[in-house]
Amino acid sequence: MKITLKLILAILFCNASVFAQNKELLYDFYEIPQSLMVNPGVKTSQKWHAGIPVISGLSFQGATSGVTVNDIFANDGVDFTTKVQERLLDVMGNKDDFSSTSQIEGFNVGFRGRNRPDDYYSFGMYGEMDIISYWPKDLAILAFEGNGGNNIGRSFDLGDLNLRGDMINVFHFGINRKVSTALTIGARAKIYSSIFQFQSINNSGSFVTTPGQNNIYESSINADMELQTAGVKGFYDIIEEDSGTTQKDVTSLFTERVLLGGNLGLGLDVGFSYELNPQTTITGSVLDLGFINNSKDIWNYTFSGSTTTDGISVFLPEDIDNVNNDLWQELIDDIDEALPHGENKSSYISWRPVKLYGSIRYDFGEGGSPLSENCGCAVNTGGGSNQDYYRNSIGGQLFMMKRPLGVQAALTGFYQRRFGSVVSLKTTYTIDKYSFTNIGLGANLQLGPVNFYVLADNLLSYSNIADSHYASLQFGFNIISWNGN
């Protein structure tokens with residue numbers, strides 16, 4: 001039991017510690033072209049930009065609430081069983097989660113319209129993997145403590161099982177338009193090509209053991225559960241076949257799905273920036289208003305129905321090795337008959353995790369002329385507050401994201417300092433369900449046309465990343481032009 005539980009925990013924590021969706025450092029960091037990806041209506045001033053393929057935008061984020069890797073696996077002399085009981089089962093609830101997100105930009109290009117210099121067009125491709133698994137509290141207690149002893153009469157909630165994950169490739173095209181000296185709006189259309197997707201949500205049911213009539217105890221189960229997958233079986237069949245061309249076949253299938261050969265979907269991003277006065281700006285954006293129609297390579301597993309059995313008295317987990325195998329098989333057959341389970345190929349819709357950003361920024365400390373005065377693009381000419389250039393910015397940001405069990409939110413305060421046209425630094429303090437001590441730092445470096453940026457969150461945790469609830473790193477390279485070259 002300990003070995004099994006250790007394996008499950010290791011898988012969950014590996015997912016969480018390698019790669020979240022909140023990009024508070026990148027948001028409204030308008031010197032970086034990739035800020036268009038989190039607000040298509042952000043202020044733009046460049047003539048054109050081109051991301052260096054594959055390394056123009058890399059993002060790795062991960063989070064775990066309630067417990068850290070170090071809490072469970074640290075070599076601190078505490079028995080593993082005690083750690084699980086005191087640091088996991090007694091602490092974590094069914095809304096605590098393990099999540100990970102990674103994003104790799106294939107290419108990203110933007111340019112200003114020749115006949116409409118107030119319009120900035122951008123397009124590109126990126127791949128994204130997003131996984132979230134909520135802690136199945138009741139199922140974990142059932143596995144660790146069993147259904148005997150103090151748990152007689154306790155109803156274990158099978159609905160605690162909630163997880164979702166996918167890997168997709170996204171093709172996108174956006175338009176950013178300066179409507180007036182104060183208002184900029186933008187929109188981005190997306191085509192999703194799914195590589196794989198899985199989800200087990202909206203489950204319900206219970207398992208309870210009570211004093212019986214024909215035996216000492218009877219166990220009742222009522223379940224309505226389903227695991228939906230799309231794109232998984234194709235990879236599973238290749239690996240299961242284990243032929244001499246397995247690696248080649250997996251690569252071929254992966255490439256096909258990256259290039260619009262998988263399940264397809266549509267999405268939309270919208271955003272704006274509005275200057276309340278020459279020094280105060282509000283912004284907002286809504287990302288991934290979209291869906292994927294999963295109709296290819298479907299493999300769903302269902303488990304539904306109800307039954308009560310008192311055929312044998314079983315107390316988990318201590319009786320697993322002591323009960324006669326024939327009696328176990330008889331019990332399993334009875335449950336199988338009463339609780340229909342099976343597979344189907346029914347198509348389904350998976351909705352993208354909608355994200356919302358909002359911010360207010362106050363600029364101060366006049367510092368001369370911005371880069372945009374030399375862009376040759378006419379976007380900021382003709383008067384107005386955009387001719388003013390400020391060294392400092394301070395403000396707040398709000399982030400909200402739809403997850404299977406509700407909305408996750410984060411609140412960020414930030415300060416940004418610009419050193420001429422070469423260096424810009426942004427520091428943030430973020431509060432969310434994962435951490436109250438998340439301090440981040442971002443740097444943007446502009447050397448001629450070469451742009452490099454690096455953004456890192458939760459810096460205080462870097463001395464012991466295994467004891468962190470949250471980790472995030474983003475970086476990239478671009479070529480940017482502000483003139484006619």
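This is a short tour of the structure above, stop by stop, with something to select each time.

**Before you start**

You are looking at a predicted model, where local features need pLDDT of at least 70, side-chain atom pairs count only at pLDDT 80 or more, and totals for chains, interfaces and linings use all residues. Residues are numbered from 1 along each chain as its sequence is written, and side-chain values use heavy atoms, with hydrogens and water left out.

**Stop 1: the whole chain**

Switch on a cartoon view: the chain has 7 helices and 22 strands. Helices (H or I, at least four residues) and strands (E, at least two) are DSSP runs, numbered from the N terminus. Of the 485 residues, 47% are buried. Here buried means under 20% relative accessible area, exposed over 50%, and partly exposed in between, using a 1.4 Å probe and protein chains only. Now show the surface: the accessible area is about 21900 Å², and carbon and sulfur atoms account for 60% of it. That area comes from the Shrake-Rupley method with a 1.4 Å probe; for residues, only the protein chains shown count as cover.

**Stop 2: rings that meet**

The structure contains 10 aromatic pairs. Rings of Phe, Tyr and Trp (its six-membered ring) pair if their centres lie within 6.5 Å; planes under 30 degrees apart count as stacked, over 60 as edge-to-face and the rest as tilted.

Select Phe-107 and Phe-123. How far apart are the centres of their rings? They are 6.3 Å apart with planes at 70°, so this pair is edge-to-face. Phe-107 belongs to strand β3 (residues 97-112) and Phe-123 to strand β4 (residues 119-134), 16 residues apart. Phe-107 is partly exposed at 30% relative accessibility, and Phe-123 is partly exposed at 29%.

Next, select Tyr-357 and Phe-399. This aromatic pair is tilted, with 4.9 Å centre to centre and 50° between the planes. The pair links strand β16 (residues 355-366), home of Tyr-357, to strand β17 (residues 390-403), home of Phe-399, across 42 residues. Are Tyr-357 and Phe-399 buried or exposed? Both are buried. Add Tyr-27 to your selection, and you have one aromatic cluster made of Tyr-27, Tyr-357 and Phe-399.

**Stop 3: charges over rings**

Select Arg-352 and Tyr-192: the charged end of Arg-352 sits over the Tyr-192 ring, 5.2 Å from its centre. To count, NZ of Lys or CZ of Arg must be within 6 Å of the ring centre and within 35 degrees of the ring normal. Then try Lys-426, which lies over the face of Phe-414, 4.8 Å from the ring centre.

**Stop 4: salt bridges**

How many salt bridges are there? The count comes to 14, where a salt bridge is a side-chain nitrogen of Lys or Arg within 4 Å of a carboxyl oxygen of Asp or Glu.

Begin with Arg-361 and Asp-28, whose side chains meet at 2.5 Å, N to O. Arg-361 is in strand β16 and Asp-28 is in the loop between α1 (2-18) and β1 (48-51), so the pair ties together parts that are 333 residues apart in sequence. Arg-361 is buried at 5% relative accessible area, and Asp-28 is buried at 4%.

Move on to Lys-355 and Asp-288, which form a salt bridge at 2.8 Å, N to O. Lys-355 lies in strand β16 and Asp-288 in the loop between β11 and β12, so parts 67 residues apart in sequence are tied together. Lys-355 is buried, with a relative accessible area of 4%. Add Lys-190 and Asp-269 to see one network, in which salt bridges that share partners join Lys-190, Asp-269, Asp-288 and Lys-355.

**Stop 5: backbone turns**

Most residues other than glycine have a negative phi. Keep Asp-288 selected, though: its phi is positive, near 60°. Asp-288 is buried, with a relative accessible area of 3%. Now find Asp-297, which has a positive phi near 50°. Asp-297 lies in the loop between β12 and β13 (300-309) and is partly exposed at 26% relative accessible area.

**Last stop: a hairpin**

Select strands β20 (residues 438-447) and β21 (residues 450-457), which run antiparallel and are joined by 7 bridges. Two strands pair if DSSP finds at least two bridges between them. Which residue of β21 is the bridge partner of Gln-446? The partner is Asn-451. The two strands form a hairpin with 2 residues between them, and Gly-448 in the turn has a positive phi of about 65°.
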